[in-house]
Amino acid sequence: VSREVAALAPGGYTFRVWGRDASGNISGPEEIAFVIRPAPWQTRWAQLFVLCAVALAVLLAARARTRAHQRREQALEELVGARTRQLQRANELLVDLSYVDALTSLANRRRFDDLFAEEWRRSLRAGSPLSLILLDIDSFKGYNDAYGHLVGDDCLKSVALCLADGLVRSGDAIARYGGEEFAVILPATEVAGALLVAEHLRRRVERLDVPSIASKVGRVLTVSCGVATTIPGVDEDPAELFRRADEALYRAKRAGGNATQTG
């Protein structure tokens with residue numbers, strides 16, 4: 001007699017056998033102990049290995065996700081940084097453009113006012129002289145009427161470049177003050193030095209030899225200059241220096257133009 005038992009779970013078992021003889025007498029049981037060992041993949045070591053492998057996979061996935069997140073954050077930070085720098089450069093450009101005269105590329109009135117305020121405070125602290133030159137193109141309205149506004153604009157550009165190139169010190173500043181009028185700041189400059197600079201600029205413009213049938217003093221375009229100098233005081237109004245320079249310019253214009261006067 002044989003019997004097969006399949007699909008036994010791993011573990012220890014006891015096999016009991018009873019016998020019956022020809023007379024019908026039963027004997028036994030006889031016991032046989034045996035053990036069914038688990039398959040290799042069912043052992044505790046295998047289960048522990050699988051558990052460790054799953055934990056490692058989860059850890060690696062978490063690390064990969066963290067690194068991907070960090071890379072995205074870094075890329076986003078770099079993008080934000082680049083955009084921020086672009087905005088800063090754009091803002092700086094806008095500020096620069098807001099300080100530049102569109103026609104002549106010189107400093108405009110706004111920028112000149114800021115520079116003048118800075119130099120006034122610096123001269124006040126140092127007790128040093130500050131000079132101002134106002135220059136005006138002679139008979140420019142007649143020039144525009146005679147040659148047209150496009151030629152007049154080209155003339156303004158040429159005069160602006162000529163005046164700017166005529167300033168040799170880095171601290172000196174020039175701006176288009178309005179229309180055909182220009183202004184020059186000369187820090188730490190006495191009246192004698194300011195007169196020399198004004199005359200130098202006046203002669204440079206004259207030597208441009210720009211033809212002008214509107215000129216009252218010759219055949220070429222000229223400028224007149226008004227010069228004023230002061231040592232700023234605590235109670236002194238900065239506008240007074242402008243008033244004096246403007247009065248000197250008015251006298252130079254009344255004298256016929258192409259002249260320099262001090263106030």
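In the hairpin of strands E1 and E2, five residues lie between the two strands, and one of them, Gly24, takes a positive phi near 95°. This is a predicted model, so all that follows describes a prediction. E1 covers residues 11-20 and E2 covers residues 26-36; the two are antiparallel and share nine bridges. Within this pairing, Arg16 has Glu31 of E2 as its bridge partner.

Now let us turn to the sheet. Five strands make up an open sheet with mixed pairing, in the order E4-E5-E3-E6-E7. E4 (173-178) and E7 stand at its edges with a single partner strand each, so one side of each has no neighbour in the sheet. From one strand to the next, the twist averages 20°. As general background, strands of a sheet pair through backbone hydrogen bonds, in either a parallel or an antiparallel way.

Here are three of the strand pairs, each with a pair of residues that face each other across it.

| Strand pair | Sense | Bridges | Residue pair |
|---|---|---|---|
| E4 and E5 | antiparallel | five bridges | Ala175 and Ala183 |
| E3 and E5 | antiparallel | seven bridges | Leu135 and Phe182 |
| E3 and E6 | antiparallel | eight bridges | Leu134 and Gly226 |

How many of the eight residues of E3 are buried? Eight of the eight are, so E3 is largely enclosed by the rest of the structure. Both of its faces are covered: Leu130, Leu132, Leu134 and Asp136 are buried on one side, and Ser131, Ile133, Leu135 and Ile137 are buried on the other.

Helices come next. Helix H4 lies across E3, E4 and E5, and runs at about 10° to E5. Helix H6 (residues 238-254) also packs on the sheet, where it touches E3, E4, E5, E6 and E7, and its direction makes about 150° with that of E6.

Helix H5 is worth a look of its own. Its 16 residues, 191-206, should span 22 Å at 1.5 Å a residue, and the C-alpha atoms at its ends are indeed 22 Å apart, so expectation and model agree. Which residues of H5 are buried? They are Ala194, Ala198, Leu201, Arg202 and Val205. These residues cover an arc of only 100° around the axis, which means that they sit on the same side of H5. Among the elements that cover them are the strands E3 (130-137), E5 (181-187), E6 (223-230) and E7 (260-262), together with helix H4 (149-165).

Definitions and conventions. Residues are numbered from 1 along each chain as its sequence is written. This is a predicted model: local features need pLDDT of at least 70, side-chain atom pairs count only at pLDDT 80 or more; totals for chains, interfaces and linings use all residues. Side-chain values use heavy atoms; hydrogens and water are left out. Helices (H or I, at least four residues) and strands (E, at least two) are DSSP runs, numbered from the N terminus. The expected span of a helix is 1.5 Å times one less than its number of residues. Buried means under 20% relative accessible area, exposed over 50%, partly exposed in between (1.4 Å probe, protein chains only). The arc is that of the directions from the helix axis to the C-beta atoms. Contact means heavy atoms within 4.5 Å. Two strands pair if DSSP finds at least two bridges between them. Axes are lines fitted to C-alpha atoms, for helices over the stretch in contact, and angles run from 0 to 180 degrees between N-to-C directions.
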